[in-house]
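Got a few minutes to poke around a protein model? Have a look below, then we'll work through some questions.

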Amino acid sequence: MFTGIVGEIGTVLSLLPGKLSVGAQTILKGLTLGASVAVNGACLTVTAFDEKTFQVDLAPETERRTNLWQLRRGDPVNLERALGLGAELGGHLVQGHIDGTGKLLAVRPEGNASIFRFNAPPEIQRYLVEKGFIAVDGISLTVSAIGADYFEVSVISFSLRNTVLQYRKAGDTVNLEIDIMAKYAERLMAAQASRISMDFLRQNGF
C-alpha cells in the first residue's frame with residue numbers, strides 16, 4: 001500500500017526483458033530484498049540492490065497495463081516506498097495496481113499551479129468524480145474537472161518540481177489508478193442489486 005506521495009525521482013539505468021534497474025538515493029535507505037517500491041505508480045518487488053541502484057522484475061501483466069515498457073535509459077521515474085504502519089497518510093490510499101494508461105492532452109498555467117488534462121479509457125473514466133482521487137504515474141491528485149472522455153487535475157508548483165510531471169508533454173502516456181473505494185462501492189452496489197427480484201419487491205409491499 002502507498003500514499004501517492006513521491007519520495008524521489010529516480011533514473012532508469014537499464015530495461016531488459018522482464019527486468020528494470022533504477023538509480024536512486026533516498027528510497028534506498030533501509031531497503032531490503034522483497035520490499036515493495038512503486039515505480040511510476042506500479043508496485044514492484046525489489047530483487048537486488050546496492051548503495052546506488054535497485055532492480056525489480058516486470059511481469060507480462062505489468063508491461064501490458066503500464067507505461068514502464070516505454071522507458072529508456074536515462075528516463076526519470078517517480079519512486080515511493082511502501083507505507084509503514086503508523087506513518088502519515090499524506091495523499092490517499094494507493095495500491096500500486098495500475099488500472100490502465102491515459103495520455104496527456106494539454107497543460108495550462110493557472111496562478112501558482114498548472115492544470116493537466118488527460119484522457120482516460122471508459123473503464124477508468126466512469127469511476128471519476130470531481131474532487132475524487134486519482135493516481136497519475138503514482139502521484140496522488142484530486143480531480144478538478146471531468147469531461148466526456150477526459151479529466152483535469154491541478155498540480156501545485158512543489159508537486160510539479162518533485163515529480164516526473166515536470167517532464168511530461170502532450171501525447172505522453174501515463175499510468176492511472178483509480179480510487180480503490182470507488183471499486184468497492186460499485187461491487188457492493190452490484191451485489192445488492194442482484195438480490196432484488198420481483199418476489200423480493202412483492203414480499204416487501206412494492
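What follows is a set of questions and answers on this predicted model.

Q: How many helices and strands does the protein have?
A: Let's get the overall picture before the details. The chain has 206 residues, and 42% of them count as buried. Its secondary structure comes to five helices and 12 strands.

Q: Among contacts between residues at least 6 apart in sequence, what share joins residues at least 24 apart?
A: Here a contact is a pair of residues with heavy atoms within 4.5 Å. Taking the contacts between residues at least 6 apart, the share that joins residues at least 24 apart is 69%.

Q: In what order do the strands of the closed barrel run?
A: The barrel is built from six strands, paired antiparallel. On average, neighbouring strands in this sheet are turned by 45° against each other, ignoring direction. Going round, the order is S1-S2-S5-S4-S3-S6.

Q: Which residue in S6 is the bridge partner of Val39?
A: Start with the two strands: S3 covers residues 36–39 and S6 covers residues 76–81. They run antiparallel and are joined by three bridges. Val39 has its bridge partner in S6, and that partner is Leu79.

Q: Is Asn40 buried or exposed?
A: Asn40 sits in the loop between S3 and strand S4 (42–49). Its backbone is a bit of an oddity, with a positive phi of about 50° although Asn40 is not a glycine. The cut-off for buried is under 20% relative accessible area. Asn40 has just 1%, so it counts as buried.

Q: Where is Lys131, and is it buried or exposed?
A: Lys131 also has a positive phi, about 70°, without being a glycine. Look for it in the loop between helix H2 (122–125) and strand S9 (133–136). Exposed means over 50% relative accessible area. At 61%, Lys131 is therefore exposed.

Q: How do the residues lining the second largest pocket divide into nonpolar, polar and charged?
A: This pocket has a volume of about 250 Å³. Its lining includes Asn40 and Asn67, along with Pro76, Tyr167, Arg168 and Asp172. Sorted by type, the lining residues come to four nonpolar, four polar and four charged.

Q: Which residue in S12 is the bridge partner of Gly100?
A: Strand S7 (residues 100–110) runs antiparallel to strand S12 (residues 173–178). Four bridges join the two. For Gly100, the bridge partner in S12 is Leu176.

Q: How many bridges join S7 to S8?
A: Strands of a sheet pair through backbone hydrogen bonds, either parallel or antiparallel. S7 and S8 run antiparallel, and one pairing to look up is Lys103 with its partner Asn119 in S8. The bridges between S7 and S8 number seven.

Q: Which residue in the hairpin of S7 and S8 takes a positive phi near 65°?
A: The hairpin has two residues between its strands. The one to pick out, with its positive phi near 65°, is Gly111.

Q: Why does Ser114 count as buried?
A: Ser114 is in strand S8 (residues 113–119). Leaving out residues up to four places away in sequence, Ser114 touches Val107, Arg108, Pro109, Val153, Ser154, Val155 and Leu160. Buried means under 20% relative accessible area. Ser114 makes that cut because its relative accessible area is 13%.

Conventions
Residues are numbered from 1 along each chain as its sequence is written. This is a predicted model: local features need pLDDT of at least 70, side-chain atom pairs count only at pLDDT 80 or more; totals for chains, interfaces and linings use all residues. Side-chain values use heavy atoms; hydrogens and water are left out. Two strands pair if DSSP finds at least two bridges between them. Axes are lines fitted to C-alpha atoms, for helices over the stretch in contact, and angles run from 0 to 180 degrees between N-to-C directions. On a 1 Å grid over the protein atoms alone, a cavity is a set of points where a 1.4 Å probe fits but cannot get out, and a pocket is an open set with protein on both sides within 12 Å along at least five of seven lines; lining residues have an atom within 4 Å of a point. Grid points are joined across faces, edges and corners, and a volume is the space filled by probe spheres set on the points. Ala, Val, Leu, Ile, Met, Phe, Trp, Tyr, Cys and Pro count as nonpolar, Asp, Glu, Lys and Arg as charged, and the others, Gly among them, as polar. Buried means under 20% relative accessible area, exposed over 50%, partly exposed in between (1.4 Å probe, protein chains only).
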